[in-house]
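Hello, and thanks for sharing this one. Here are some notes to read alongside the coordinates, in no strict order.

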Amino acid sequence: MTKKWWHDKVAYQIYPKSFCDSNGDGIGDLRGIISKLDYLKELGVDIIWLSPIYKSPFVDQGYDISDYYAIAEEFGTMEEFDELLAEAKKRDLHIIMDLVINHCSSEHEWFQKALADPYGEYADYFYFRPGKEGNAPNNLRSYFGGSCWEPVPGTDLYYLHMFAREQPDLNWENPKLRQKLYDMVNWWLQKGLSGFRIDAIINIKKDLDFPDLPADGADSMASCWRMVESVDGIDAFLTELRDETFRKHDAFTVGEVFNIKEGELPCFIGEDGYFSTIFDFSAHSLSDGKHGWYDAVPITFEKWRDTIIQSQLDVQKVGFEANIIENHDEPRGVSRFLPPYDQTPAGTKMLGTISLLLRGIPFIYQGQEIGMQNAKWNSIEEFNDISTIDQYHVARAAGLSDTEALEVCSSMSRDNARTPMQWSDAPQAGFTTGTPWLKVNENYHTINVASQENEPDSVLNYYRSLIALRKSPEYRDVFTYGTFRPAYEKTESVMAYYRISEDKRMLVAGNFGEKTAVLHLEKPVKKLLLTNETPEYTADQLTLKNCQVVVLELES
């Protein structure tokens, strides 16, 4: 494997709207991010991923971009963005941004010109198609519910939107449109960005015949991802995108990619892959319901463990994936992956250790490093997320009561990750001096940065030690390039694995069960490197209590 500059890095995702508000308007901003760069440097991260900060009407929280070359006023100015780049560079921090090029906003100049001339040049930047017998061109259902097609006023045409109706899909079959996107990507990279997280990129290839698909719901529609899974030919688009942009700048790219076909992983992250890495969503997909959140199945420890192990074994033959516990589109990992008896500071440290020392690029989401959890939601009116509101109505239509539907949304909503960052126990968790755009989690009095800063045993300081271990000169190589090998798979409650290089053998083991677990050691312990509570061990035996996690160097 050719070594790359990003292989040994740790990334941190910022959701700007909820990170730090510098001017009291209730919305996080660039000036707030700049004020926290020293905090991030001390945490030990190297790459900062900013969720969208482009100009947008915020129908889908900035993933509906109305101007790719402008910063949203809510976040600040281009001059402040340039200052952020400069200040990050001083601290040897890399900035990457979201790249949203499957769709844009209906307020974008291109789409407005398309509406003004539905049969003209700009209409072909999108998918304008005639209806069928007065109805939509086909029966695709959007990711946010309802038809993927919206009428074009004054015509018999419809336009395609796989997300919200205000997010028309861009027509990647149009070479002129593709070139404009590439010009934009290169403009940002030339400005000083180190790369991008690429949003929803698997959706850019469509079946241009737009046939009806077998219905998978009572609405006689089919989920649009079924078209994505059935169509071929995305490789030409992604190869051109890579060659015309990322490769020219040695950029770090992480793709949001679902629905990869069997055997395609090397094309995405292999030696000559489209992207540097893609996110591993295998564990998160375990809670996908057949029809929505309301029929999602609980995630068992055994299934979670087996899924991560299999993913690691598959991927290490090919390249690197990006490992996450949570992000802006997922509920908090502590609330999702830990049983109630493990949702403690010790359990939070254990989950973090297991994730950050896997083979791949660790991504930490804001607040994860202090153990932020899902919020308590009292009514559907408290939610802001378009997807959550859709899933609430899906659950109600399926027969769930208001209380039941609210419970489903409370556990699965993306807004759980979007509640403001908890900086202190001051009003509004120190996030803002004004009224926050989304409510603050009620537990900010007990879970916040300020209270953990000076507490040696806090989750925050543990994360600092964990990251420092991964990046330490002595162990950086084994945790970056070392082989992943599962261990103690037959136990009821232990998630454990080895990271092995030519001269080192590391054991990472955590007990997710309520009962004490006793493990027979394959090799004698050379050194205890990290633990959330000092364990008992002998030359050939390790005892782990509930929520106990260890990182051991064994004799090789």
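The points below go through helix packing, aromatic rings and a few single residues.

1. A word on the source before anything else: this is a predicted model. Please keep that in mind for every value in this note.

2. Let me begin with α5 and its partner α7. Helix α5 covers residues 175-191, and helix α7 covers residues 234-249. Their axes lie 9 Å apart and make an angle of about 25°. Angles under 35 degrees count as roughly parallel, and α5 and α7 are therefore described as roughly parallel to each other. The crossing of these two helices is right-handed. On the α5 side the contact is made by Arg 178, Tyr 182, Val 185, Asn 186, Leu 189 and Gln 190. Facing them in α7 are Phe 237, Glu 240, Leu 241, Glu 244, Thr 245, Phe 246 and His 249. Sorted by class, the contact of α5 with α7 has 6 nonpolar, 4 polar and 3 charged residues.

3. Arg 178 deserves a look of its own. Is this residue of α5 buried or exposed? Its relative accessibility is 12%, and the limit for buried is under 20%, so Arg 178 counts as buried. Setting aside neighbours within four places in sequence, Arg 178 is in contact with Trp 172, Glu 173, Phe 237 and Glu 240. Phe 237 and Glu 240 also appear in the list of α7 residues that meet α5. If you want a long-range distance to check, the C-alpha atoms of Arg 178 and Val 45 are separated by 33 Å, and the two residues are 133 places apart along the chain.

4. Helix α5 also packs with α3, which spans residues 78-90. Here the angle is about 55° and the axes are 11 Å apart. That makes α3 oblique to α5. Met 78, Phe 81, Asp 82 and Leu 85 come from α3, and they meet Trp 187, Trp 188 and Lys 191 in α5. By class, this contact has 5 nonpolar residues, no polar ones and 2 charged ones.

5. Further along the chain, what is the angle between α12 and α13? Helix α12 (residues 386-397) packs with helix α13 (residues 402-412) at about 140°, and their axes are 9 Å apart. The two are therefore oblique to each other. Their crossing is right-handed. In α12, the residues that take part are Thr 388, Gln 391, Tyr 392, Ala 395 and Arg 396, and they meet Asp 402, Ala 405, Leu 406 and Cys 409 in α13. The contact of α12 with α13 divides into 5 nonpolar, 2 polar and 2 charged residues.

6. Within α13, the buried residues are Ala 405, Leu 406, Val 408, Cys 409, Ser 410 and Met 412. Their cover includes α10 (333-337), α12 and α14 (415-418).

7. On to the aromatic rings, of which the structure holds 41 pairs. In one of them, the ring centres of Trp 304 and Phe 512 are 5.1 Å apart and the planes stand at 55°, so the pair is tilted. This pair links distant parts of the chain, as its members are 208 residues apart. Trp 304 sits in helix α9 (residues 301-315), while Phe 512 is in the loop between β18 (505-511) and β19 (517-520). Both residues are buried. Elsewhere, one aromatic cluster is formed by Trp 5, Trp 6, Trp 49, Phe 252, Phe 258, Phe 279, Phe 281, Phe 320, Phe 363 and Tyr 481.

8. Two loop residues may be worth opening in your viewer. Asp 92, between α3 and β5 (94-99), has a positive phi near 60° although it is not glycine. Tyr 488, between β16 (483-487) and β17 (494-500), likewise has a positive phi, near 55°. Their surroundings can be told apart by relative accessible area: Asp 92 is exposed at 54%, whereas Tyr 488 is buried at 18%.

9. One last residue is Ser 355, which lies in helix α11 (residues 345-356). Ser 355 counts as buried, with a relative accessibility of 9%. Apart from neighbours within four places in sequence, Ser 355 is in contact with Asn 323, Ile 324 and Ile 325.

Definitions and conventions: Residues numbered from 1 in each chain as written. Predicted model: local features only at pLDDT ≥ 70, side-chain atom pairs only at ≥ 80, totals over all residues. Heavy atoms only, no water. Axes fitted to C-alpha atoms, helices over the stretch in contact; angles between N-to-C directions. Helix = DSSP H or I, 4+ residues; strand = E, 2+ residues; numbered from the N terminus. Parallel < 35°, antiparallel > 145°, perpendicular 65-115°, else oblique. Left-handed = near helix turned anticlockwise from the far one by under 90°. Contact = heavy atoms within 4.5 Å. Nonpolar A, V, L, I, M, F, W, Y, C, P; charged D, E, K, R; others polar. Phe/Tyr/Trp six-rings, centres within 6.5 Å; stacked < 30°, edge-to-face > 60°. Buried < 20%, exposed > 50% of the residue type's maximum accessible area, 1.4 Å probe, protein only.
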